[in-house]
Amino acid sequence: MLCGMFYDLAIIGGGPAGVAAGVYAARKKLKTVFITKDFGGQSNVSTGIENWIGTVRLDGVELAKNLEAHLRVYAADTVDIRAGEWVARVEKVGSGFRVTTDAGAYDSRSILVATGSSRRKLPAKGADRLEHRGITYCASCDGPVFAGKNVAVVGGGNAAFETVAQLLAYCPSVTIIHRGDTFRADEIIIERVLANPKTHVIKNADITEVKGEKFVQAIVYKDKATGTEKELAVEGVFVEIGSVPATDFVKEIVKRTEYGQIVTDPKTQRASPVNNGASPVNNGASASGVWAAGDCTDGLYHQNNIAAGDAVKALEDIYLYLHGK
Ligand SMILES: Cc1cc2nc3c(=O)[nH]c(=O)nc-3n(C[C@H](O)[C@H](O)[C@H](O)COP(=O)(O)OP(=O)(O)OC[C@H]3O[C@@H](n4cnc5c(N)ncnc54)[C@H](O)[C@@H]3O)c2cc1C
């Protein structure tokens, strides 16, 4: 079902980036359709967020409620909120775009993609069943729950090493399990973490199974050199093997990195059209009509405040784009 309205802007995503953009769109009176599966985004699952500026501490559920309330108070008849809808496709149609969701289709002159990312899951037997039952993706949220327990951290980059560094404060042993032979983290943190006698390292290992009745009790890994399988008793598994941006639905229209992040101009958050050889930086007249903000972009740092700030930057630029035409 096509709703018939031609919106100025379609915002996709209800995390801090999308909601910041929505509030600004309402204030600027841009006729906007705001589409999101849910509110709050990734840190919904966090038990304690202590760096959302202006709020000393809140949990992810409160953050989600606050974001939704903020948008609804100012949305009025300017921002049309379509919560619970999932965007399947965005395509170029005439001078604008058509956004197709699982419930309908919306036409808009411009698009802001704020769909964030989700953590890469551990591809091992039993991992789905034991997610949030010992398998976790956030040491700063869940670390204290594992105090006094032996745990494993999967990965070999900075995120993995920072996770180990945090867990060493609570856990009697932390075992890093890495697929490769060499770590990709910064030397300084590798040295610091490996110098701690509570750190153990298993390299060249693929985790094949996570075992446990109700909660994690052990992992099974394959030693890639010998092909033999071994078991390690742990009560927690922290997975730090990267994240997957939710950007497939725009892959036909904007440039993405090899990891699927939308390439953006950090001054304006503009995305480049897929057929444009030029970088989005200073691409001026060749603006694609698509902007992106937050964790779905190739920005170097991904945090709640950054996502919100990037989205505000995008909104300022979208406003000029729409009114300069
Ligand atoms: C466990 C955890 C704890 C964290 N703790 C902190 C912290 O303490 N402080 C901090 O600053 N950062 C923290 N982060 C990082 C922070 O959550 C992210 O940087 C931030 O959420 C990015 O915001 P975003 O709006 O770009 O995307 P997201 O928060 O990922 O939001 C994306 C939104 O888009 C929606 N969506 C996605 N695809 C579609 C689609 N196709 N159709 C419709 N809707 C869609 C989703 O439902 C979601 O609402 C944490 C991350 C995790 C995973």
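**Notebook: K313, the ligand shell and the sheets**

I started with K313 and found its place in helix α6. A reminder to myself before going on: this is a predicted model.

Is K313 buried or exposed? I counted 22 other C-beta atoms within 10 Å of K313, and 20 or more is the mark for buried, so K313 goes down as buried. Next I looked for its contacts. Leaving out residues up to four places away in sequence, I see K313 touching T268 and Q269. I also checked the backbone spacing for one of these: the C-alpha atoms of K313 and T268 are separated by 6.0 Å, although the two residues are 45 apart along the chain.

**Ligand shell**

Helix α6 came up again when I turned to the ligand. Which elements each supply at least two residues of the shell around the ligand? My list reads α1 (16-27), β2 (32-36), β7 (117-119) and α6 (304-324). I find 37 residues surrounding the ligand, and the closest are G13, G15, G41, G116 and G294. Sorted by class, the shell holds 15 nonpolar, 18 polar and 4 charged residues.

Where does the ligand lie with respect to the domains? Domain 1 and domain 2 both give residues to the shell, so I note the ligand as lying between them.

**Domains**

I then wrote down the bounds from the domain assignment: domain 1 covers 2-119 + 243-324, and domain 2 covers 135-239. Their C-alpha centres lie 34 Å apart. How many residues are in contact across the two domains? I get 4 residues of domain 1 in contact with 4 residues of domain 2. On the domain 1 side, the touching residues divide into no nonpolar, 3 polar and 1 charged.

**Hairpin of β4 and β5**

Here I followed strand β4 (residues 87-93) into strand β5 (residues 96-101); the two pair in the antiparallel sense over 6 bridges. Within that pairing, K92 stands opposite F97 in β5. The hairpin has 2 residues between the strands, and I noted that G94 takes a positive phi near 60 degrees.

**Parallel sheet**

My next stop was an open sheet of 5 strands, with parallel pairing and the order β8-β15-β9-β10-β11. Which strands stand at its edges? They are β8 (135-136) and β11 (199-202); each has a single partner strand, so one side of each is left without a neighbour in the sheet. Looking at the β11 end, I count 4 bridges joining β11 to strand β10 (residues 174-177). T175 stands opposite H200 in β11 there. Helix α4 (residues 158-167) packs on this sheet and touches β9 (151-154), β10, β11 and β15 (236-239). I also took its angle: the direction of α4 makes about 160 degrees with that of β9.

**Antiparallel sheet**

Last, I went through an open sheet of 3 strands in the order β12-β13-β14, where the pairing is antiparallel. Its edges are β12 (205-211) and β14 (229-233), each with a single partner strand, so each has one side without a neighbour in the sheet. Ignoring direction, neighbouring strands here are turned by 30 degrees against each other on average. I looked up one pair in detail: strand β13 (residues 218-223) and β14 pair in the antiparallel sense over 5 bridges. In that pair, A218 stands opposite A233 in β14.

Key: Residues are numbered from 1 along each chain as its sequence is written. This is a predicted model: local features need pLDDT of at least 70, side-chain atom pairs count only at pLDDT 80 or more; totals for chains, interfaces and linings use all residues. Two strands pair if DSSP finds at least two bridges between them. Axes are lines fitted to C-alpha atoms, for helices over the stretch in contact, and angles run from 0 to 180 degrees between N-to-C directions. A residue is near a molecule or strand if its C-beta atom, placed from the backbone, lies within 6 Å of it. Ala, Val, Leu, Ile, Met, Phe, Trp, Tyr, Cys and Pro count as nonpolar, Asp, Glu, Lys and Arg as charged, and the others, Gly among them, as polar. Domain bounds come from an automatic or database domain assignment. A residue is buried if 20 or more other C-beta atoms lie within 10 Å of its own, exposed if 12 or fewer, and partly exposed in between; C-beta atoms are placed from the backbone. Two residues are in contact if their C-beta atoms, placed from the backbone, lie within 7 Å.
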